[in-house]
Amino acid sequence: MLTSGAAHLIESFGTKEQIDHYIPKMFAGLWQGTMALTEPQAGSSLADISTIAVPAGDGYYNIRGQKLFISAGDHDGVENVVHLALARIKDAPAGVKGISLFIVPKYRAGENGKLVFNDVNCAGIYHKLGYRGAPITQLSFGENDDCRGYLIAQPGKGLFAMFQMMNAARIEVGLGAAAIASAAYYAALEYTRERPQGRPITAKDPTTPQIPIIEHADIKRMLLFQRAVVEGSLSLLMQWQPLFRYGTGNRRRGKRTLQFIAGNPHPGGQELSLRDGILAVSQGLQCLGGYGYCDEFPLEQFYRDVRIHPFTKEPPAYREWICWAAR
Ligand SMILES: Cc1cc2nc3c(=O)[nH]c(=O)nc-3n(C[C@H](O)[C@H](O)[C@H](O)COP(=O)(O)OP(=O)(O)OC[C@H]3O[C@@H](n4cnc5c(N)ncnc54)[C@H](O)[C@@H]3O)c2cc1C
């Protein structure tokens with residue numbers, strides 16, 4: 001998701017040289033893409049980004065700063081990591097209007113096209129409640145004053161460009177939540193068909209065999225709730241996904257949909273998946289009784305994994321930017 005999102009961003013805003021250099025390797029899966037926005041003092045409040053970009057006069061900028069929580073920010077599964085990083089060009093105005101977007105690769109092209117280390121350092125990996133398969137990293141750019149960034153899009157338009165990737169990511173994060181809720185539903189369905197416990201409410205004879213718990217009304221209620229969440233959110237997301245592809249399509253409709261998804265006035269597909277996804281997985285876990293809580297069954301992991309998704313629920317300032325980006 002991150003690699004294709006970053007590659008499409010380069011495709012939309014990059015120069016021909018940048019496209020030729022990065023895109024084939026990224027689409028081949030050899031180079032990872034990331035979105036590097038968050039900083040220690042700039043999480044929800046991206047206007048406070050302070051990573052600095054100093055023009056070096058040779059088509060690149062010297063980058064220096066810290067980035068936190070960068071998903072897939074460094075790992076051994078790829079040859080190179082291409083960060084799409086927000087930074088402030090030296091003497092740029094404060095606030096959102098001073099933010100620009102840079103390609104900051106872990107390895108940059110040196111002489112004769114040979115890759116050389118670009119002073120992008122992994123300062124740490126976070127140990128998380130869920131999503132333990134994904135390395136979420138703290139990055140330090142330019143510890144040795146040798147980190148080069150390549151401007152993409154116009155200076156001061158960094159956040160605008162970044163929203164192409166972020167809007168697609170919102171939908172895909174929603175799909176991720178719907179996928180986890182879906183896996184939880186099918187696991188709960190299988191268990192409740194096999195687990196005998198109790199008897200029909202009308203059966204008075206304790207010597208009659210127990211029935212599978214799926215036959216109890218409250219188990220049915222929990223399963224149906226999960227199914228409604230899974231199918232409802234998937235339908236919404238699949239319908240809307242094309243609108244977010246690479247900023248193309250019907251812009252007016254796209255803008256309206258963005259406002260809708262941003263939670264105004266009704267929550268959209270992503271938020272439905274996020275918020276109700278947690279409730280759905282929780283009910284799936286409940287269907288397994290005590291075993292739902294134990295790691296012999298996958299529900300406890302699904303419950304931990306789905307919890308991260310509402311982290312992308314943005315405060316009001318984000319919503320304004322989303323609408324601004326759509327204009
Ligand atoms: C697993 C994971 C992966 C991530 N991946 C990436 C990534 O790939 N790239 C990246 O750049 N970042 C990434 N992040 C960082 C994520 O975007 C930030 O955690 C998020 O923006 C919130 O910033 P913060 O953690 O500093 O929280 P804070 O900004 O300190 O917010 C703390 C709480 O206050 C609330 N809050 C803050 N401001 C307001 C306000 N104005 N009104 C109402 N409530 C408010 C927030 O909603 C939150 O609940 C990731 C985070 C996690 C946990």
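**Figure 1. Polar contacts between the ligand and Leu37, Met35 and Ser44.** In this predicted model, a backbone N or O atom of Leu37 lies 2.9 Å from an oxygen atom of the ligand. A backbone N or O atom of Met35 is placed 2.7 Å from a nitrogen atom of the ligand, whereas in Ser44 a polar side-chain atom lies 2.6 Å from a ligand oxygen atom. The surroundings of the ligand comprise 13 residues, of which Met35, Thr38, Ser44, Phe69 and Ser71 come nearest.

**Figure 2. The largest nonpolar core and the elements that build it.** This core holds 33 residues, and those that touch the most other members are Ile10, Leu84 and Met162. Two or more residues are given to the core by each of helix H1 (2–13), helix H2 (16–27), strand E1 (31–36), strand E4 (80–89), strand E5 (99–105), strand E10 (148–152) and helix H3 (158–194), with H3 giving the most, namely 7 residues. Because residues of both domain 1 (2–155) and domain 2 (162–326) take part, the core lies between the two domains. Another core, which lies apart from this one, has 24 residues, including Ile219, Met222, Cys287 and Phe302. In soluble globular proteins, nonpolar side chains tend to be buried together.

**Figure 3. The surroundings of Leu84 within the largest nonpolar core.** When neighbours within four places in sequence are left aside, Leu84 is in contact with Ala6, Leu9, Ile10, Thr34, Met35, Ala36, Leu101, Phe102, Ile103, Ile152 and Met162. Among these partners of Leu84 is Met35, a residue that also has a backbone N or O atom 2.7 Å from a nitrogen atom of the ligand.

**Figure 4. Helix H1 and its buried residues.** H1 has 12 residues and reaches 16 Å from its first C-alpha to its last, which is close to the 16 Å expected at 1.5 Å a residue. The buried residues of H1 are Leu2, Thr3, Gly5, Ala6, Ala7, His8, Leu9 and Ile10; of these, Ala6, Leu9 and Ile10 are in contact with Leu84.

**Figure 5. Ala56 in the loop between strands E2 and E3.** Ala56 is found in the loop that runs between strand E2 (52–55) and strand E3 (61–71). With a relative accessible area of 33%, Ala56 is partly exposed, since this value falls between the 20% limit for buried residues and the 50% limit for exposed ones. Leaving aside neighbours within four places in sequence, Ala56 is in contact with Tyr61 and Asn62. Although 93 residues separate Ala56 and Gly149 in sequence, their C-alpha atoms are 9.8 Å apart in space.

Technical notes:
Residues numbered from 1 in each chain as written. Predicted model: local features only at pLDDT ≥ 70, side-chain atom pairs only at ≥ 80, totals over all residues. Heavy atoms only, no water. Core = buried A, V, L, I, M, F, W, Y, C linked by side-chain atoms within 4.5 Å. Buried < 20%, exposed > 50% of the residue type's maximum accessible area, 1.4 Å probe, protein only. Helix = DSSP H or I, 4+ residues; strand = E, 2+ residues; numbered from the N terminus. Domains from an automatic or database assignment. Contact = heavy atoms within 4.5 Å. Expected span 1.5 Å × (residues − 1). Near = heavy atom within 4 Å. Polar contact = N/O pair within 3.5 Å; in protein donor to acceptor, adjacent residues only side chain to side chain.
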